[in-house]
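User: Hi! I am new to reading protein models and would like a close look at one part of this one. Could you take me through it slowly?

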Amino acid sequence: MDLATLGLITYVVWVFWLSKCFTSALSSSFDFARSRSLMESVVVKVASLIMLIYDYLLTLDLEVKLIWKADWNLGKFLFLLTRYLPFFDTAVVLYYQFSPVHTSRQCEIAYQYSAWMFVVGMTIAELLLTIRTWAVWEKDIRLGVALSILYAGFLVAEYVAVGLYLKSLTHEVSPLQPLVTCFVSNMNRLLSICWIVLMAYDAVIFTLIAIQAIRTFRLWGNVPLLRVIYQDGIIYFAYLFGLSFLNAIIILKLPLEYVNLLSLMERIAHALLTCRIILHIRELDARNTRPREIEEIALMDLTA
């Protein structure tokens, strides 16, 4: 069975199950607007899970060949954390969404764990990309100090914002089971700070990558390895910047029930794109596509 067939079967089963749950929700006394927002959130979460599994299957052969057989170092450790933590995060989110829990305390524990793991996973991925950005700037000492200070500020802002957001939440067991097990009945919009901070940090990294890309292409031209190093990085940051911006707008402008609509999707997309950048660079490096003139680029730092 190929991936397309498996995806089609999964989609059909999912649509059938969702239609049954939707009918159940309509017949309940639960607020219809909230029921709709919760069901839309379920659809996005399951779509994010399918995206995670599909991309993993597509890139597993490259990971086995280029990462598993490589020597252990900090880059490889960060790569594997970035690669596999989303599976644990998603499992907890699905537990929160679908498991037959019986108390609001169980809902609260699952939600808080997933929230903190989201922050840990995304900050690890940002650290990996920050190291990569420093490497393409040839490990400039002054830039390294500046990036260290910037990253420390990024960490503090993310953890403080999430902590304040979690303190404001009230969790309840949902009457819409099995579609939704838990939901948040009281929340605020502080989560938008996390996405705004991430967007600002990515904007700085994007600018640094773009500046160095212009300099490098002027000097060495359109070399395939350089194209991957810079083009993938720029596309990645542009995409994540847009997704963070959309997340912030949804939180600030839509009803509070939509606060977490795209959180899991961005968490997964963040990890997938980070890993793809590293895998693409390693793949080209393994083919020896770089000319002698760019040997000075610290490829081991770029490629985990």
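Where is the place of glutamate 138? Please start there and then show me what surrounds that part of the chain.

Analyst: Happy to! Keep in mind that this is a predicted model. Glutamate 138 has its place in the loop between helix H4 (104-136) and helix H5 (141-167). Lysine 139 is found in that loop between H4 and H5 too.

Let's look at the backbone here. Most residues other than glycine have a negative phi. Glutamate 138 is not a glycine, yet its phi is positive, at about 55°, and this turn of the backbone comes just after H4. Lysine 139, again not a glycine, also has a positive phi of about 55°. Lysine 139 counts as partly exposed because its relative accessibility is 35%.

Now step back along the chain into the helix before the loop. H4 is made of 33 residues, and from its first C-alpha to its last it reaches 48 Å. That is close to the 48 Å expected at 1.5 Å a residue.

On the other side of the loop, the UniProt record helps. Its unreviewed entry lists residues 110-131 and 143-166 among the stretches called "transmembrane region". In the model, residues 143-166 are 100% helix and 0% strand, with end C-alpha atoms 34 Å apart. Another stretch in that record is 234-256; here the span is 87% helix and 0% strand, and its end C-alpha atoms lie 32 Å apart.

What ties the two helices around our loop to each other? One link is made by aromatic rings. The model has nine aromatic pairs. One of them joins tyrosine 111 and tyrosine 165 in a tilted arrangement, 6.5 Å centre to centre with 45° between the planes. This pair links distant parts of the chain, as tyrosine 111 is in helix H4 and tyrosine 165 is in helix H5, 54 residues apart. Both of these tyrosines are buried.

The two tyrosines also belong to something bigger. The largest nonpolar core has 39 residues, and Tyr111 and Tyr165 are among the members that touch the most others, along with Tyr96, Leu166, Leu169, Leu191 and Trp195. H4 and H5 each supply at least two residues of this core, as do strand S2 (182-186), helix H6 (191-220), helix H7 (224-253) and H8. H6 gives the most, with nine residues. Leucine 169 shows how such a member is placed: leaving aside neighbours within four places in sequence, leucine 169 is in contact with Tyr111, Val184, Asn186 and Met187.

Apart from that core lies another one, of 13 residues, among them Leu62, Leu78, Leu128 and Leu279. Leu128 brings us to threonine 274, a residue of helix H8 (residues 263-286). Once neighbours within four places in sequence are left aside, threonine 274 is in contact with Leu128, and also with Thr82, Ala125, Leu129 and Tyr236. Threonine 274 counts as buried because its relative accessibility is 0%.

Two more ring features are worth finding on your screen. Tyr56, Tyr84 and Phe87 are linked into a cluster by ring pairs. At lysine 76, the charged end sits over the ring of tryptophan 72, 4.5 Å from the ring's centre.

Terms used. Residues are numbered from 1 along each chain as its sequence is written. This is a predicted model: local features need pLDDT of at least 70, side-chain atom pairs count only at pLDDT 80 or more; totals for chains, interfaces and linings use all residues. Side-chain values use heavy atoms; hydrogens and water are left out. Helices (H or I, at least four residues) and strands (E, at least two) are DSSP runs, numbered from the N terminus. Buried means under 20% relative accessible area, exposed over 50%, partly exposed in between (1.4 Å probe, protein chains only). Contact means heavy atoms within 4.5 Å. UniProt positions are given in the numbering used here, feature names are shortened, and annotations may be inferred rather than shown by experiment. The expected span of a helix is 1.5 Å times one less than its number of residues. Rings of Phe, Tyr and Trp (its six-membered ring) pair if their centres lie within 6.5 Å; planes under 30 degrees apart count as stacked, over 60 as edge-to-face and the rest as tilted. A charge sits over a ring if NZ of Lys or CZ of Arg is within 6 Å of the ring centre and within 35 degrees of the ring normal. A nonpolar core is a set of buried Ala, Val, Leu, Ile, Met, Phe, Trp, Tyr and Cys residues joined through side-chain atoms within 4.5 Å.
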